[in-house]
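Please walk me through this structure. I would like short answers on its sheet, its core and its surface.

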Amino acid sequence: MKYIKAHKKLFIISIVALFVVSVGVTIAYKTDFTNTIVNTFFPGDISAEVTETFDGEVKEHVQIKNTSERSSAYIRAYYIITWKDANGNVYPSMPVKDEDYTFRFGSNTNWDFTTSDGYYYYALPVAAGKSTPDFIREVKPISGRTPAGYHLEVEIIADAIQSNPTSAVKEAWGVTVSSTGRISK
């Protein structure tokens, strides 16, 4: 009986040792002979560029272009209107809409003008190399309202962020992305 118990114990130890050696050999084989997989990562290339028509006085057809070569992007923008002189000095009084200048937004309803953070969001992703419809249709000074030595300055600041994964735009801008890809604030 003692002899059988000893052989049983020896048999179990042998099986466990064989299993451990088999697993070790299999891992060593797979490590040595498995092809290397290379993950290629590309740095982000998301950026935006403001395009417009400007004749020296009237700014028209302000659009934002997704300058990425590969990725669609969400775009947001805001504008600042001031009086500036030739040296870039800002006049102490801000120009007043409909008194000092006229301003018309573009008519595309995908631009969301109801945000409280100062940005205007284009609600849909813009394909790589493509532009939004007009953000601003036209801005022009009203004749005789410009302070001497100054001109109306309309600065457009635009931002772009990758559209995929949608969590990126949610986290960065604090927006909601619907199942159809439409963002809202």
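The questions below take these topics in turn.

This is a predicted model: local features need pLDDT of at least 70, side-chain atom pairs count only at pLDDT 80 or more, and totals for chains, interfaces and linings use all residues. Residues are numbered from 1 along each chain as its sequence is written, and side-chain values use heavy atoms, with hydrogens and water left out.

Reader: What is the strand order of the open sheet of four strands?

Author: Strands are DSSP runs of E, at least two residues, numbered from the N terminus. Two of them pair if DSSP finds at least two bridges between them. Pairing in this sheet is antiparallel, and the order is β1-β2-β7-β4.

Reader: Which strands are the edge strands?

Author: An edge strand here pairs on one side only. That describes β1 (48-54) and β4 (101-105).

Reader: How many bridges join β1 to β2?

Author: β2 covers residues 59-66 and runs antiparallel to β1. Glu49 stands opposite Lys65 in β2. The number of bridges joining β1 to β2 is six.

Reader: Which strand gives the most to the largest nonpolar core?

Author: A nonpolar core is a set of buried Ala, Val, Leu, Ile, Met, Phe, Trp, Tyr and Cys residues joined through side-chain atoms within 4.5 Å; buried means under 20% relative accessible area (1.4 Å probe, protein chains only). The largest one has 18 residues, with Ile81 and Trp111 among those with the most contacts inside it. β2, β3 (73-84), β4, β6 (120-126), β7 (136-141) and β8 (151-162) each supply at least two residues. The top contributor, with four residues, is β3.

Reader: Is Val16 buried, partly exposed or exposed?

Author: Val16 is found in helix α1 (residues 2-33), a helix being a DSSP run of H or I, at least four residues. Its relative accessible area is 47%. Exposed means over 50% and buried under 20%, with partly exposed in between. Therefore Val16 is partly exposed.
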